[in-house]
Amino acid sequence: AQVFVLATLNGMSASYKSSFQNLFFNLKYGFLDGKLRGYVGDLLDDTDYVILAECETLDDVVSYLSATERSKISNYGATHSHPSALVEMCLKSFVSDFNTLRSLAPEPLLTFLNYLTYGYMIDNVLLILAGILHGRDAQELIEKCHPLGMFDSIVMLPVATNMPDLYKLVLVDTPLAPYFDDCMTINLDELNIELLRNTVYKAYLSDFLHLCKSLGGSTSCVMTELLNFEADRRAVNITINSLGTELSRDDRRQLFPEFGNLYPVGHRALVSCDEYDQVRSVLAENPAFTASPSLLNKLAAETAVEKLLNEEEVRRCRLTLEKNFQYAGFFAYMKLKEQELKNMMWIAECISQQQKHTS
């Protein structure tokens, strides 16, 4: 039957072949795609944010979220007296939803969803390393780790005093191990933590891009666009954060992901930047960014580069969710949920400090 289907597909026109592939996508992933659309429908919209901004207390926020069934936070029964407690409950709801998707996903979607968690795993490793260097309690640091980035050997992190120990005791049996191959000579001190983070993320994004291209179809096309933008944003952030530091231009260049809309011409321009406005000029001269009227207008209005890139990511993810028959919707949902959690923390902090009208 499988041979017959493949032979049939090969003999079809492009339009009919696409229709059959879409049919097979629905047969295999229709239920999961439906659940994803339900989770996307639960994301807070502009009206929700207006109402939340008018809440007087954190309990009012919880009451509104529970009444609109936009969150399952009432199931966790924790105190709502502190912004971090409220956001933690929202995070638990998100983690529960994502793990539901992952538990039901067949291959290769399961591998794709697992890749989405690798960034959290990297962040957790770097969080604990940085905290230990500052004398923080290891158990306290582990409790602050993102739930989607937890793995068994992470508890061994506090005893790792150098990169070889970190690799052998913590990373060797995890998916992160290959990403640390080029980091063995980095000293684990405060100055090198961000260098380590950017080096590992560079390897991770390249590997993720390779996976997405191997999946083919719409997933490959859409995810390549999204990961190109992610690579561009990391290159821009690395440049901005290294301005006025001892990081050499060559070291800066080596931290950039070796793909993206800015690669390679834009990378050469970013390496040469010595001032913040020069970074803005690099983006304003790149076709990938000037093609977006809203982004171009914000660049001209001198909006903070980090803010406009964040808003552009949200815009792209929303557009991605309008497309069908591909995995990128799961990536877009995760990114939008991350932004929602940041927004919730901001609103909760403002309410807690009685600064509701802070912009």
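Leaving aside neighbours within four places in sequence, which residues is V87 in contact with? The legends below take up this question and others, using a predicted model.

**View 1. V87 of helix α5 and its distant partners.**
V87 sits in helix α5, residues 83-104. Its contacts beyond four places in sequence are L341, M344 and M345. The chain separates V87 from K342 by 255 residues. Their C-alpha atoms are nevertheless 8.5 Å apart. V87 counts as buried because its relative accessibility, 11%, falls under the 20% cut-off.

**View 2. Helices α6 and α17 side by side.**
Helix α17 spans residues 328-352. The axes of α6 and α17 come within 10 Å. They cross at roughly 30°. That angle is under 35 degrees, so α6 and α17 are roughly parallel to each other. Their crossing is right-handed. From α6, the residues that meet α17 are L109, F112, L113, L116 and Y120. On the α17 side stand F330, F331, M334 and E338.

**View 3. The largest nonpolar core.**
This core has 89 residues. Four of them touch the most other members: F112, F180, L196 and F208. Helix α6, residues 109-133, gives the most to this core, with 13 residues. In soluble globular proteins, nonpolar side chains tend to be buried together.

**View 4. The surroundings of L196.**
Neighbours within four places in sequence are left aside here. L196 is then in contact with L126, L129 and M163. Its contacts also include F180, C183, I186 and L188. Of these, C183 is buried, with a relative accessible area of 0%.

**View 5. Another core, apart from the largest one.**
Another core, of 20 residues, lies apart from the largest nonpolar core. Among its members are I240, F289, L299 and V305.

**View 6. Cysteines C145 and C183.**
How many disulfides does the structure hold? The count is 0. C145 is buried, with a relative accessible area of 8%. C183 is buried as well, at 0%.

**View 7. Helices α3 and α4.**
Helix α3 covers residues 46-53, and helix α4 covers residues 58-67. Their axes come within 10 Å and cross at roughly 150°. That angle is over 145 degrees, so α3 and α4 are roughly antiparallel to each other. The crossing is right-handed. D48, I51 and L52 make the contact from α3. V61, Y64 and L65 make it from α4.

**View 8. Helices α15 and α16.**
Helix α15 runs over residues 293-300, and helix α16 over residues 305-320. The two pack at an angle of about 170°, with their axes 10 Å apart. Therefore α15 is roughly antiparallel to α16. S294, L295, K298 and L299 of α15 meet residues of α16. Those α16 residues are L308, E311, E312 and R315. L299 is also listed in the core of 20 residues.

**View 9. R233 in helix α10.**
Is R233 buried or exposed? R233 is found in helix α10, residues 217-242. It counts as buried because its relative accessible area, 15%, is under 20%. Not counting residues up to four places away in sequence, R233 touches L309, N310, E313 and K335.

Technical notes. Residues are numbered from 1 along each chain as its sequence is written. This is a predicted model: local features need pLDDT of at least 70, side-chain atom pairs count only at pLDDT 80 or more; totals for chains, interfaces and linings use all residues. Side-chain values use heavy atoms; hydrogens and water are left out. A nonpolar core is a set of buried Ala, Val, Leu, Ile, Met, Phe, Trp, Tyr and Cys residues joined through side-chain atoms within 4.5 Å. Buried means under 20% relative accessible area, exposed over 50%, partly exposed in between (1.4 Å probe, protein chains only). Helices (H or I, at least four residues) and strands (E, at least two) are DSSP runs, numbered from the N terminus. Contact means heavy atoms within 4.5 Å. A disulfide is a pair of cysteine sulfur atoms within 2.5 Å. Axes are lines fitted to C-alpha atoms, for helices over the stretch in contact, and angles run from 0 to 180 degrees between N-to-C directions. Angles under 35 degrees count as roughly parallel, over 145 as roughly antiparallel, 65 to 115 as roughly perpendicular and the rest as oblique. A crossing is left-handed if the near helix is turned anticlockwise from the far one by less than a right angle, and right-handed if clockwise.
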